[in-house]
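Good morning, and thank you for the opportunity to present this structure to the group. Please take a moment to look at the sequence and the fold before I go through selected features.

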Amino acid sequence: MGFYGILINIYISTASSQKRQAGFANTNIQMMQNCTTGDVAFASPWPTYFVFKLAPLVRPDLGKMLSAKSALFATDDIYKRPLTPVIAKYMIEGTLDIIRVKELILNNWIKAKYENGSPRFGELTHHVSHWMGFAFWTPEKKFNIGEHVKIKGSESGFTTETQLTVYMNELSTKPYEKYKSPWELIIVPNIVRERFADRTPRSAVIINFHHCLTDGFGLLTLMSKISSSVVGSGAESKSPEKKVLARQQKISLGGICKGVYFLLRAPYDFISYIFVKVDPTKSNSWHLPEAELEKEWTISPATEHISSDLVKEIKNCYGVSFNAVILAAFTGSIRNVMLCHPTKKVPDFIRVGHPFPVSPHPGKLRNVWTSTVMKLPVGEECPRKRLMYVEERLGKMKKSPLHSAIFAIMAVVGGLFPFLIRPLLKTKNCGAIVSNLPGPKNSEYLLEKKLVYMEFFLGLGPGNI
């Protein structure tokens, strides 16, 4: 079944010149209304709650505060040296008309509204500003769609997929334009995949946005609005408050039992997570301390793409989850790379950061996520055993209350001052980050053109990834 042959892009920065920054928060939880989209955010009553109440009186021009998890990413230096960009590339057939693309973005993103008339994706016309150390969504003085939706013509030299990757590498380290919302959609026509048999010219649609704007599911909501079918990740006719109330009303015996289990199990799992750690720089010679990193950040071209049908075939054959197949394939590919360098020992495990959704996404431009550190058995020779180990670990993760606890803590953590947040978000105990970005469901067309495939690149933030 050769599932170990599936390759997944891994982006490991070894740049000592790119010193990382990022964020966290604490204290008691206070419910706070984020009026930008009516979403509910969490913040600490002091000092966040004080600033939240004071800002409209002293600085009404600031706009609304970022939600807690988005505020974590806003501690990044967005307009000078961003470390957490997200860049998605969609390859489509044919050539796009830039005027038509701007029209579609204006109608489906910028002018999209809720039933009450408030903007659905208001953050797209707001830039990130700071006051007293806290991040706010401040309206652009004069929003111009042409500053966010652009075209890179073939005269610039981006005619092969390799050249396109070089361009995307430049985008991944380029600061966002000051006083502008941190996103852009770039059209690159006439791309030829020179490394593969299929050399049919295509166009690339590149979405470049900072992670403080939204997460992968928020991007999925945006892309569904310009796709042939709409993903129901965020129903327009229902407000988040109503959905929260509906969930609160569904109290069952099973729910009570789960709550008791959570209370009993959470302290043990949390203490184990905090205190029972292995220093990866000692157990894994491939993971260097930050002080020893020297090379610049680079993005590598992807391998030939693997059909999801093959992943499903392996999944059904072995009775495991789709995600387990992907992670096992990633484990096998990393092992193969390590085996090509016999001077270094292949460790038994590597520790990777992995996003772990624990809450339904509201279908808005929000970061609603948590993450965990997972061990992958790169030292295991048998592909089947690697797959079964990963499946077992995923099963235990799903049953553990730890990630729900971390999710709740992170909602509070976003309320600290940035200088307190940055050291807490610095990645030290894992050697790679593995992330999945969903694509529009059952959508064959994007911007009225045939969608061929998509890829994405993610900034690794601060630390020694």
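I begin with a single residue pair: L446 has K449, in strand 14, as its bridge partner. Please keep in mind throughout that this is a predicted model. The pair belongs to a hairpin that strand 13 and strand 14 form, with 2 residues between them. In the turn, L447 has a positive phi of about 50°. Strand 13 covers residues 445-446, and 2 bridges join it to strand 14 in an antiparallel arrangement.

Strand 14 also pairs with a part of the chain far earlier in the numbering, namely strand 4. Strand 14 spans residues 449-458 and strand 4 spans residues 85-93; the two are antiparallel, with 7 bridges between them. Within that pairing, Y90 has M454 as its bridge partner.

Let me turn to helix 3, which comprises residues 98-110. Which of its residues are buried? They are I98, V101, L104, I105, W109 and I110. Viewed down the helix axis, these buried residues fall within an arc of 160°, so they line one face of helix 3. As for what they pack against, the partners are strand 7 (149-151), strand 8 (183-191), strand 9 (202-210) and helix 5 (216-224). The N-terminal end of helix 3 is capped by D97, which places a side-chain oxygen 3.1 Å from the backbone nitrogen of I99.

This brings us to the nonpolar cores. In general, nonpolar side chains in soluble globular proteins tend to be buried together. The largest nonpolar core here has 53 residues, and the members touching the most other members are I105, W109, W183 and L185. Helix 3 gives the most to this core, contributing 6 residues. There is also a second, separate core of 24 residues, with V325, V346, L376 and V390 among its members.

L185 merits a closer look. Leaving aside residues up to four places away in sequence, L185 touches V101, I105 and W109, together with H148, V149, K150, V205, I206 and I207.

Why may strand 8 be described as largely enclosed by the rest of the structure? Of its 9 residues, 8 are buried, so the description follows directly. Strand 8 pairs with strand 7 in the parallel sense over 3 bridges, and in this pairing I151 stands opposite I187. With strand 9, strand 8 pairs in the antiparallel sense over 7 bridges. There, V188 of strand 8 has A204 as its bridge partner in strand 9.

Next, two open sheets. One consists of 3 strands in the order 3-6-5, with antiparallel pairing. Strand 3 (64-65) and strand 5 (126-131) stand at its edges with a single partner strand each, so one side of each lacks a neighbour in the sheet. Strand 3 meets strand 6, residues 134-139, over 2 antiparallel bridges, and K64 stands opposite W137 there.

Another open sheet of 3 strands runs in the order 11-10-12, and its pairing is mixed. Its edges are strand 11 (371-376) and strand 12 (432-433); each has a single partner strand, so one side of each is left without a neighbour in the sheet. Strand 10 and strand 11 are antiparallel over 6 bridges. In that pairing I350 stands opposite L376, and L376 is also one of the members of the second core.

Strand 10, residues 350-355, contains H354. Is H354 buried or exposed? Its relative accessibility is 3%, so H354 counts as buried. Its side chain makes a polar contact of 3.4 Å with the side chain of N323. In addition, a polar atom of the H354 side chain lies 3.3 Å from the backbone oxygen of V434. Beyond four places in sequence, the residues that H354 touches are N323, L327, S371, T372, M397 and V434.

My last item comes from a record. An unreviewed UniProt entry lists residues 402-421 as "transmembrane region". In the model, this span is 80% helix and 0% strand, and its end C-alpha atoms lie 21 Å apart.

That concludes the presentation, and I welcome your questions.

Methods
Residues numbered from 1 in each chain as written. Predicted model: local features only at pLDDT ≥ 70, side-chain atom pairs only at ≥ 80, totals over all residues. Heavy atoms only, no water. Buried < 20%, exposed > 50% of the residue type's maximum accessible area, 1.4 Å probe, protein only. Helix = DSSP H or I, 4+ residues; strand = E, 2+ residues; numbered from the N terminus. Arc of directions from axis to C-beta. Contact = heavy atoms within 4.5 Å. Polar contact = N/O pair within 3.5 Å; in protein donor to acceptor, adjacent residues only side chain to side chain. Core = buried A, V, L, I, M, F, W, Y, C linked by side-chain atoms within 4.5 Å. UniProt positions renumbered as here; feature names shortened; annotations may be inferred. Pairing = 2+ DSSP bridges.
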